[in-house]
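Biologist: Could you take me through one part of this model in detail? I'd like a close look at the ligand site and what lines it.

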Amino acid sequence: MRCGSARASAGDDIEIVLVEPNPCQQALSELDLVAVGPPRPQFCELWHPTVFRDLPVTVCYNRLHDVDTASRSAIIGPRDEEHQRIDYWRLVLATGAIAFVPPVPGLAENAVTMWSVEDAQELQRRIEAAFKHAATLYTREERNRVLSFTVIGGGATGIEIIGTLGQMLPRRAREAGLDPEDLRVRLVEGRPDILYDLPKPQRAKAVARLGRMGVELVLGEMVEHVEPGVIVLESGKHVDANVLVFCGGAKADPDAIDWGLEADTSGRLVCDEYLRSTRHEDIYVVGDVAAFRDPKGNRVLPMLAQFAIRQGEHTADNLLREARGEKITPFVPHMHGEFVSVGPRWGVGWMFKWNISGIPAIIMKRLTYVLYWFMVGGVRLAWKRTCEMLSMQR
Ligand SMILES: Cc1cc2nc3c(=O)[nH]c(=O)nc-3n(C[C@H](O)[C@H](O)[C@H](O)COP(=O)(O)OP(=O)(O)OC[C@H]3O[C@@H](n4cnc5c(N)ncnc54)[C@H](O)[C@@H]3O)c2cc1C
């Protein structure tokens with residue numbers, strides 16, 4: 001095995017190797033601030049040397065190419081290159097998901113998705129280009145067209161992006177010498193409402209909040225096709241979209257279906273109650289790439305960080321049990337709450353039996369990050385990142 005860093009050991013007989021092509025972890029739930037706020041991509045990134053500072057983990061900066069289940073080897077390396085093999089006793093697959101872009105003509109060519117720091121930086125660039133262009137235009141009509149910012153998708157990601165655009169763009173426009181009255185910020189959603197995962201009263205509060213920000217909602221209208229600067233709806237209506245963001249969904253890592261494991265019709269890897277692949281008991285699948293069916297509601301868990309993190313923790317515990325020759329335990333999912341930001345300083349959601357909105361909801365949402373930073377880097381990292389977050393959402 002060649003991995004570029006010294007091997008680490010968790011004990012005499014256990015070695016832990018993480019295969020990951022990126023040198024840092026990206027916190028996707030904070031992308032809206034990076035996309036619209038001051039250009040500070042590092043805010044979303046946690047470098048692996050920081051994350052694994054005190055842990056016996058070897059990070060192999062490469063991609064999983066294939067899985068040889070017969071000889072229990074993970075085959076590492078990009079396509080068309082010489083591959084290395086890492087033998088495993090147990091393999092955990094957690095390769096996540098990618099943005100799903102449906103085959104609507106012109107959509108992929110004209111829209112930016114929101115799935116990585118690079119996507120957020122691309123949106124930053126498009127916002128800046130629109131501001132520069134608008135500053136050269138004489139008529140308000142032309143400026144309205146160039147300063148049209150449209151998000152497609154009224155789920156949590158779309159609402160977080162449109163909320164942050166709605167709240168932060170007026171200030172950014174003023175700083176660029178433009179009149180915020182020239183901005184046109186719109187959300188297009190095919191269903192008649194937004195945030196379907198939240199209780200109805202919370203959805204209504206989010207709609208009212210967006211209305212107060214001046215965001216125009218175009219609901220119950222599917223996009224028929226997209227042309228540069230404009231989207232055309234099935235009703236024939238045209239919506240200006242000089243800067244277009246598509247937040248219409250996600251699909252499991254498309255490479256995973258080639259690894260010989262059972263996958264469901266959406267491409268997620270099917271697992272048993274212990275999160276083991278239904279075809280290979282020595283392979284665990286967790287997070288967005290896994291199709292875990294919750295026995296309580298008999299539905300596959302949604303792609304959420306809160307499930308991914310708990311499944312990761314649970315699997316680590318089961319691996320230790322297996323190593324000690326103990327019985328493994330089934331994964332029991334619990335959802336204690338969900339919060340969505342509507343602009344950087346306001347949110348909606350629920351926790352236990354209570355609906356929470358406004359500043360308390362945004363505090364609850366941000367607290368989960370602070371807790372995560374604390375777990376990874378202690379008080380110093382939690383404090384540094386909290387200060388950065390407060391300065392970015394101003
Ligand atoms: C904009 C946005 C906002 C979100 N906000 C929230 C939120 O507020 N709350 C919430 O609960 N969830 C949120 N989510 C969902 C959440 O981010 C995901 O559910 C979570 O990241 C899933 O974790 P994961 O470990 O399964 O996958 P990921 O976090 O996607 O990690 C997968 C990792 O696998 C690596 N990888 C992929 N293929 C390979 C390969 N072949 N070899 C090696 N490595 C590979 C990738 O580089 C990546 O680092 C959000 C998602 C987005 C896009």
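Modeller: Sure, and keep in mind that this is a predicted model. Let's start with a backbone contact: a polar backbone atom of Leu-64 sits 2.7 Å from a nitrogen atom of the ligand. Next to Leu-64 in the numbering is Arg-63, and here the side chain takes part, with one of its polar atoms 3.3 Å from a ligand nitrogen. The ligand also has an oxygen atom in a contact of this kind: a backbone N or O atom of Ala-305 lies 2.9 Å from that oxygen. Taken on its own, the ligand has 1000 Å² of accessible area, and the protein covers 78% of that.

Now for the whole shell. There are 24 residues around the ligand. Leu-64 and Ala-305 turn up again among the closest, together with Glu-20, Asp-288 and Leu-304. Sorted by class, the shell holds 11 nonpolar, 8 polar and 5 charged residues. If you want to know which element gives the largest share, that's helix 8, residues 305-324, with 3 residues.

One more spot to look at while you have the structure open is a nonpolar patch on the surface. Leu-371, Phe-374, Met-375, Val-379 and Trp-383 make up this patch, which comes to about 610 Å². Leu-371 belongs to helix 9, which runs over residues 359-392. Its relative accessible area is 54%, and exposed means over 50%, so Leu-371 counts as exposed.

Terms used:
Residues numbered from 1 in each chain as written. Predicted model: local features only at pLDDT ≥ 70, side-chain atom pairs only at ≥ 80, totals over all residues. Heavy atoms only, no water. Patch = residues over 30% accessible without salt bridge, like charges linked within 9 Å, V, L, I, M, F, W, Y side chains within 5 Å. Areas by Shrake-Rupley, 256 points an atom, 1.4 Å probe, with all protein chains shown as cover. Salt bridge = Lys/Arg side-chain N within 4 Å of Asp/Glu carboxyl O. Helix = DSSP H or I, 4+ residues; strand = E, 2+ residues; numbered from the N terminus. Buried < 20%, exposed > 50% of the residue type's maximum accessible area, 1.4 Å probe, protein only. Near = heavy atom within 4 Å. Polar contact = N/O pair within 3.5 Å; in protein donor to acceptor, adjacent residues only side chain to side chain. Nonpolar A, V, L, I, M, F, W, Y, C, P; charged D, E, K, R; others polar.
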